[in-house]
Amino acid sequence: MEIHELIDTLEEYSLTLHGKKDFSADIYMIHFYIPDTTQLEANILYFCPASQLPPPDYPNTLQFLCYGRSFSKKKYENTHLNILHYDSNEPIEPLFNRIQQLIHRMQKANAGLHLFANAFFTDQGLQYLVDTAYEVLGNPIFVIDSSFKYLAISSAFSPNNTVMEEENNAGYIQEAGIRTIREANLDEKVRNSDTPYYFQNALVNTGMLIAPIKIHGIEVGKVMLYESQKPFSDIDSMLLTRLTRFISMELQKNSFFNQNKDVMFSYFLADLLDNPELNYPNVRDRLHTLGFDLKEDLYIMTISSLSYRDTNSKLEVIVRELNNILVGSLYAIYENTLVLLFSRSRESGLSGYELNTLENYLKTNHLNAGMSNFFTNLRTARRFYLQAKKAAEIGRRLGEAGPIHYYSDAYFYHIIEICQQSEDLLFFIHPAMMKLLYHDQDRHSELLETMHCFLQTPGNPAKIAENLHIHKNTLLYRMNKIKALTGCSLEDGDEIMSMGLSYKLMRYLKMLPQDNPGGIDSFMERP
């Protein structure tokens, strides 16, 4: 234990450091100092009254804790002695015993870390490491991946309730457990905690310490320590943090993360994107031979190097995790972009569970993805790959939060992009929207934003007022003002569609007040 840890932990004793002032000095044990002793060790903390300290010119570096108010700080300013001072006339025995307890716990923790290291270097796998950790911590340990599948459970653990028994048999966290995790917002809390997060799980009536497993900064799973055999001790959190690091290293050397069996699919997908004229029936047959059968609807998702930063080891982990979520996907690194091709049946499509898990994983690891529309013909794969890339690009440009940007939401902005190559988009904007823009600028009103909310939910004044945080009467006043100013009834479908498209144009051109502090006149005066 280092000196600064003693000072921080024993804050109520108001210990101060003097002499050499080496806060990082390590303490392995404590003794009472006997004057004139010749064999003294640098890593022992010696207790003595201030009057019995060795002289300031003592030649060796030693650690002392002196007590009593006769200590002269100035006398020991330039000395090799590292001196903790307990400025009190209270009995020293309680402090001695307290430090003895702290050192004993630290020694116990070090012994546990030594056992973790031995288990890791024996190369007997994740299960052996988890079983060793159970012996050290005295409570069962569960390791799950990002899809809630159990990778390891302490072998000696016997489930003591129905929920845990069912999950133990099934090999994954079941629906009730996943619902508990989401309702408690556990992923976010664990992610934002600097130490393992404590959670009282009402579903199994047990306390838990939860820590994330990360590989090269990417979260790939969690370790959960259940408080079922004995209460947690004050070193369990530190030991669990260290254990997650050994588990991370174990997963990296495990064949699950290092095997390269998918490389044939990777080459296939890259070939498909390069050569859209591949014979369609033969492509299906080839995939079937490789053990990959396509369903009716195909999708492409892309993650650009702006997200994964082109780090190969990190990228490998991302690919494995996404394959766990989007089961049955092909992947390739193509044009410096991670591309995933996957298929789903026409009836089921992407399930809500898949989308929730995917979004949570992407958010956790600060990744942004583009998603194409569905397609059916592999010959068009490149076109839909470009769709997915364009969706992510437009999402970034417009400042959309993501983490998944859908082409079905971005397609109109893509059309605008194409039109911009031959026309000035400004002149496609409906004059009514321009009137609202000028009016808001001159009168500091919010008619344009009101119109935008109306266009999003026409015919639902209660929802519009709620979104704008205004009273219904205020909304009625604003809508009448808009109608009078623009001469539009806002009852015709074509008219409403035209207004909506005009708003998207204004957003794309960054004409809206939040994007154009200089006002519309400065925008109109551009070359």
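**Close-up 1. The loop that holds P403, with its cis peptide bond.** In this predicted model, P403 sits in the loop that runs between α14 (381–398) and β15 (404–406). The peptide bond leading from G402 to P403 is cis, and its omega is near 5 degrees. As background for this view, most residues other than glycine have a negative phi, and most peptide bonds are trans.

**Close-up 2. Where α14 meets α15.** Two packed helices are described by the angle between their axes and the distance between the axes. Here, the axes of α14 and helix α15 (residues 407–420) come within 9 Å and cross at roughly 80 degrees. Angles from 65 to 115 degrees count as roughly perpendicular, and α14 and α15 are therefore roughly perpendicular to each other. Which residues of α14 and α15 meet? From α14 come Q387, K390, A391, E393, I394, R397 and L398, and they meet Y407, A410, Y413, H414 and E417 in α15.

**Close-up 3. A mixed sheet of five strands, with α14 and α15 packed on it.** The strands of this open sheet follow the order β12-β13-β11-β14-β15, and their pairing is mixed. At the edges stand β12 (329–334) and β15, each with a single partner strand, so one side of each is left without a neighbour in the sheet. On average, and ignoring direction, neighbouring strands of this sheet are turned by 25 degrees against each other. Look for strand β11 (residues 297–304) and strand β14 (residues 369–371): they run antiparallel and are joined by two bridges. One residue to find here is M301, whose bridge partner in β14 is M371. Helix α14 packs on the sheet and touches β11, β12, β13 (337–344), β14 and β15, with its direction making about 45 degrees with that of β11. Helix α15 also packs on the sheet, where it touches β14 and β15; the direction of α15 makes about 55 degrees with that of β15.

**Close-up 4. An antiparallel sheet of five strands, with helix α3 packed on it.** This open sheet has five strands in the order β7-β6-β10-β9-β8, and the pairing is antiparallel. Its edge strands are β7 (150–153) and β8 (197–201), each of which pairs on one side only. Neighbouring strands are turned by 25 degrees against each other on average, with direction ignored. How many bridges join strand β6 to strand β10? There are five between β6 (residues 141–145) and β10 (residues 218–226), and the two strands run antiparallel. Within this pair, I141 stands opposite L225 in β10. Helix α3 (residues 126–137) packs on the sheet and touches β6, β7 and β10, while its direction makes about 45 degrees with that of β7.

**Close-up 5. T132 in helix α3.** Zoom in on T132, which lies in helix α3. Is T132 buried or exposed? Buried means under 20% relative accessible area, and T132 is buried because its relative accessible area is 10%. Leaving aside neighbours within four places in sequence, T132 is in contact with L115 and A119.

**Close-up 6. Helix α13 and its buried face.** Helix α13 (residues 352–364) has 13 residues and reaches 18 Å from its first C-alpha to its last, close to the 18 Å expected at 1.5 Å a residue. Its buried residues are E354, T357, L358, Y361, L362 and T364. Seen down the axis of α13, these buried residues fall within an arc of 160 degrees, so they line one face of the helix. A general point helps when reading this view: an α-helix has 3.6 residues a turn, so residues three or four places apart point the same way. After α13 comes H366, with a positive phi near 55 degrees.

**Close-up 7. Two loop residues with positive phi, N205 and L490.** N205 is found in the loop between β8 and β9 (206–215). Although N205 is not a glycine, it has a positive phi of about 55 degrees. N205 is exposed, with a relative accessible area of 65%. L490 lies in the loop between α19 (472–486) and α20 (493–508). L490 is not a glycine either, yet its phi is positive, about 60 degrees. With a relative accessible area of 6%, L490 is buried.

**Close-up 8. S502 in helix α20.** Finally, find S502 in helix α20. S502 counts as buried, at 1% relative accessibility. Which residues does S502 touch? Not counting residues up to four places away in sequence, S502 touches F428, I429, H430 and M433.

Note on methods: Residues are numbered from 1 along each chain as its sequence is written. This is a predicted model: local features need pLDDT of at least 70, side-chain atom pairs count only at pLDDT 80 or more; totals for chains, interfaces and linings use all residues. Side-chain values use heavy atoms; hydrogens and water are left out. Two strands pair if DSSP finds at least two bridges between them. Helices (H or I, at least four residues) and strands (E, at least two) are DSSP runs, numbered from the N terminus. Axes are lines fitted to C-alpha atoms, for helices over the stretch in contact, and angles run from 0 to 180 degrees between N-to-C directions. Contact means heavy atoms within 4.5 Å. Buried means under 20% relative accessible area, exposed over 50%, partly exposed in between (1.4 Å probe, protein chains only). The expected span of a helix is 1.5 Å times one less than its number of residues. The arc is that of the directions from the helix axis to the C-beta atoms. Angles under 35 degrees count as roughly parallel, over 145 as roughly antiparallel, 65 to 115 as roughly perpendicular and the rest as oblique.
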